[in-house]
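Reader: I should like to understand the terms used for this structure. Please set each value against its definition.

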Amino acid sequence: MVVAVDGPAAAGKTTTCLALAGTFGLKYLESGRTYRLLAFEALRRSVSVDDESAVVSLCEELIESSRTAGLLEVDRHDAGDLRSRAVNVAVSAVAKFPELRRRVTELVRVWAGAQGRCVVEGRDIGTVVFPAAPVKFYLTATPEARAARRVVQERAGSYEDVLRDVMRRDEADMSRTASPLVPADDAVVIDTTDLAVTQVVDLMASLCRRRGVAIP
Ligand code: CDP
């Protein structure tokens, strides 16, 4: 039983997923963290992020050394490392490689199979990773609202810089050929621009209940 939550950067996925996880006793996975970890390690080891086979080899090496779940749940790097400006740019490059996405997708499926009930956030969870998920959300908001939230949340960079990065990543995520960011046909789209977190969580939780996600 997977709740799939997709959407662009800073649309509120993490906050709302954690709230749903708490309410319904679901395990939670942030799939973007794995793409960030791969981008971070490529930069650290001077592996070209434009070289698909080099990045895929790096991914295989990391899977090998950390065992399957390790790569998804790794906490070797603090959040600052994985969310740096350099990683924000590099992650868009690595996330467009189909071979890399296939491997990450496999890891996420194996992880979810072991959890039973979970909520997974990302860009392609409802479209590619779990197309049969019984509950799918696509959270969105204007780029300006998302940039403003990210500035408050991470205190990293000026509003203008963050807005530029958000719009650049939107474009990269939406225009790539491999698993582009797009709402699944059966996803419930929620525009969070003018909604408080509690309103978004209430909307999501009520749909979860209607679809049979029970409180344990
Ligand atoms: O937290 P934020 O919304 O900024 O991004 P993230 O979830 O940490 O994801 C970072 C990047 O990884 C995104 O910009 C995507 O390019 C990529 N990603 C992806 O391609 N597919 C996923 N399922 C999750 C993330």
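Author: A polar contact is a pair of N or O atoms within 3.5 Å; within protein, one must be able to donate a hydrogen and the other to accept it, and residues adjacent in sequence count only if both atoms are side-chain atoms. This is a predicted model, in which local features need pLDDT of at least 70 and side-chain atom pairs count only at pLDDT 80 or more, while totals for chains, interfaces and linings use all residues. Residues are numbered from 1 along each chain as its sequence is written, and side-chain values use heavy atoms, with hydrogens and water left out.

Reader: What makes the pair formed by R101 and the ligand a polar contact?

Author: A polar side-chain atom of R101 lies 2.7 Å from an oxygen atom of the ligand. The cut-off is 3.5 Å, so the pair qualifies as a polar contact. For K13, an N or O atom of the side chain is 3.4 Å from a ligand oxygen. R123 uses a polar backbone atom, 3.1 Å from a nitrogen atom of the ligand.

Reader: Which residues are the closest around the ligand?

Author: They are R36, R83, R101, R150 and D173, in a surrounding set of 18 residues. A residue is counted as near if one of its heavy atoms lies within 4 Å of the molecule. Helix α2 (31–44) and helix α9 (159–175) each supply at least two residues of this shell, and α2 gives the largest share, 4 residues. Helices here are DSSP runs (H or I, at least four residues), as are strands (E, at least two), numbered from the N terminus.

Reader: Why is A132 called exposed?

Author: Exposed means over 50% relative accessible area, buried under 20%, and partly exposed in between (1.4 Å probe, protein chains only). A132 has 73% relative accessibility and therefore counts as exposed. A132 is found in the loop between α7 (125–129) and β4 (135–140).

Reader: Are S46 and S179 buried or exposed?

Author: S46, at 68% relative accessibility, counts as exposed, whereas S179, at 16%, counts as buried. S46 lies in the loop between α2 and α3 (52–73), and S179 in the loop between α9 and β5 (188–191). Phi is positive in each of these non-glycine residues: near 55 degrees for S46 and near 45 degrees for S179.

Reader: How do you know that helix α5 is mostly covered?

Author: In α5 (residues 85–94), 7 of the 10 residues are buried. Among them are V87, N88 and V91.
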